Amino acid sequence: MIPFQHIEKFIFNDKPIKLADNIMEHVEKSYHFLENFSRDKIIYGVNTGFGPMAQYRIIAKDLNALQYNIVRSHSSGTGPSLKPIEVKAAMLTRLFTFIRGYSGVHPQVVEQLLTFINKGIYPYIPEHGSVGASGDLVQLAHLALALIGEGEVFYQGQWQPTDIVLFNEGIKPLRLHLRDGLALCNGTAVMTAIGLVNIHQSRKLLHFAMLTSLLINEIASSYDDCFAEKLNNLKFHKGQQNVAATIRKMAEGSRCLRDRQQELYEQKHSEKILDAKVQPYYSLRCVPQVLGPVWDTIDNAQEVIMNEFNSIDDNPIVDMKTKNVYHGGNFHGDYVSLEMDKLKIAVTKLTMLAERQLNYICHDRINGILPPFANLGKLGLNYGIQAMQFTATSTTAESQTLSNPMYVHSIPNNNDNQDIVSMGTNSALLARKVIDNAFQVMAIYSIGLAQAVDCLKLKRKLSKQTSAFYQKIRKIVPTFVDDTPKYQDIQNVYNWLISEQEETELELQ
């Protein structure tokens, strides 16, 4: 199995993918096995119709047209295209299924996919169309449509007719054989691809959530024992323990956090009312307990998505070893659907935590140390981050609504042939939207944190990691006193948060 980190690094860079020398030979053997096996047998999608039309036998002279018909007829999606990075991940996912030799595709299918990936040719794949069983039929049909030289592709920064791009690049349209059309359309590649990107972005979000949670505790001068190893290890959840350990590491060098042992246990106190809060609000104190489940959910989603990526999600399955063709439902996307639902719930909770921590900065009667809305100007005349909070709260509320599950929203269709479906691609797309919303809220929150640091003159007391984060935000958005439009500043911080990339080279074995 290819590990997530390998795939992750490949998706987010532009280096070419290479195939080991024996792969094409294996694909060709699978194709010829199916070709010979199907000559005197009835094989779904090779010499029968598709779906509820499978009872109709297809005569020999129409077999080739059958493969083109499924691609053209199912290219019926609507809405904006998936992002190029998601299309790239979908092509890679489909490629990896085919090179395993269980689909019976012609080697030219693999070669064409490889060419599109390496040249950065991204077919138009609409967001709407999949019910997630028989896989992503409609969206993958749009992918196949581009491979045969039809439809549109995104290439060199613009949308262009596929036939023109292929002609200019000297690429021949793919000629479909045997069951190539069905194999290209029949799988979970799109929902899996979106899931891969979602996990990558969720991990980045979790990093920033831990970093900003430490920074808000530095601003509040919290006692540091809420992150203590002994405390957090008494709950047997790896996510909580990992979050606490990560924040302890991030906190090294901080002169803002307080030592409870030194201040409250080793000193005598006679005052009736303590100046410092003995315990801060839950949004500050319970960070390991809130973000721990997010950590665990991302880990579990990654395992499930990588199992799906490494699986054979086709139907029927061509097995040269047992000399058989198996009919079943490996194209069903329930695993992906459920994990994407869980992921978006977890990310929404992360967003809610950031929004509540932002509220702590804004609410002077709660924090007791900052002017209203971290306003560095004249109260009443200037407004600080007041209006930005509106946007963060509104965006968080949208994510709360979007977190309702898709997994249980099956609707029978296809003459009730598809009588229970996964809605996995819808689930992945909603998770993507929730993740994007989280980055928007995090951008606003980051600006608020920087204002609070300046207001309290803490920048020389921060830990090394929160100081670096503060300095980066300040390069993007300098300290402000006067009221100016902030939408571009928010966008610029969002762009930085979401854009970190790594480079590597991938070779499939």
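The exercises below, each with a worked solution, concern a predicted model.

**Exercise 1. Strand β5 and its partners**

Determine which strands pair with β5 and in which direction they run.

Solution. Begin with strand β3, residues 122-123: 2 bridges join it to β5, and the two run antiparallel. Next take strand β6, residues 158-161, which is joined to β5 by 4 bridges and is also antiparallel. The connection between β5 and β6 is a hairpin with 2 residues between the strands. In that turn, Gln156 has a positive phi of about 55 degrees.

**Exercise 2. The surroundings of Phe154**

Establish on which face of β5 Phe154 lies, covered or uncovered, and identify the aromatic cluster to which Phe154 belongs.

Solution. In a regular strand, side chains alternate between the two faces of the sheet. Strand β5, residues 152-155, has Val153 and Tyr155 on its covered face, whereas Glu152 and Phe154 are on the uncovered one. Now consider the neighbouring strands: Tyr122 has Phe154 as its bridge partner in β5, and Trp159 in β6 stands opposite Phe154. Finally, Phe154 forms one aromatic cluster with Tyr124 and Trp159.

**Exercise 3. An aromatic pair between two helices**

Classify the geometry of the ring pair Phe439 and Tyr494, and state whether each residue is buried or exposed.

Solution. The whole structure contains 10 aromatic pairs. In the pair under study, the ring centres of Phe439 and Tyr494 are 6.5 Å apart and the planes stand at 90 degrees, so the pair is edge-to-face. The pair links distant parts of the chain, with Phe439 in helix α18 (residues 424-456) and Tyr494 in helix α20 (residues 487-498), 55 residues apart. For burial, the cut-off is under 20% relative accessible area. Phe439 is buried because its relative accessibility is 0%; Tyr494, at 13%, also counts as buried.

**Exercise 4. Backbone features in loops**

Locate Lys323 and Phe373, and compare their phi values and exposure.

Solution. Lys323 is in the loop between β7 and β8, and Phe373 is in the loop between α16 and α17. Neither residue is a glycine, yet phi is positive in each: about 55 degrees for Lys323 and near 60 degrees for Phe373. With a relative accessible area of 58%, Lys323 is exposed, whereas Phe373, at 23%, is partly exposed.

**Exercise 5. Charges over rings**

Identify the ring beneath the charged end of Lys88 and that beneath the charged end of Lys486.

Solution. The charged end of Lys88 sits over the ring of Phe10, 4.8 Å from its centre. For Lys486, the ring is that of Phe480, and the distance to its centre is 4.1 Å.

How values were computed: Residues are numbered from 1 along each chain as its sequence is written. This is a predicted model: local features need pLDDT of at least 70, side-chain atom pairs count only at pLDDT 80 or more; totals for chains, interfaces and linings use all residues. Side-chain values use heavy atoms; hydrogens and water are left out. Buried means under 20% relative accessible area, exposed over 50%, partly exposed in between (1.4 Å probe, protein chains only). Two strands pair if DSSP finds at least two bridges between them. Rings of Phe, Tyr and Trp (its six-membered ring) pair if their centres lie within 6.5 Å; planes under 30 degrees apart count as stacked, over 60 as edge-to-face and the rest as tilted. A charge sits over a ring if NZ of Lys or CZ of Arg is within 6 Å of the ring centre and within 35 degrees of the ring normal.
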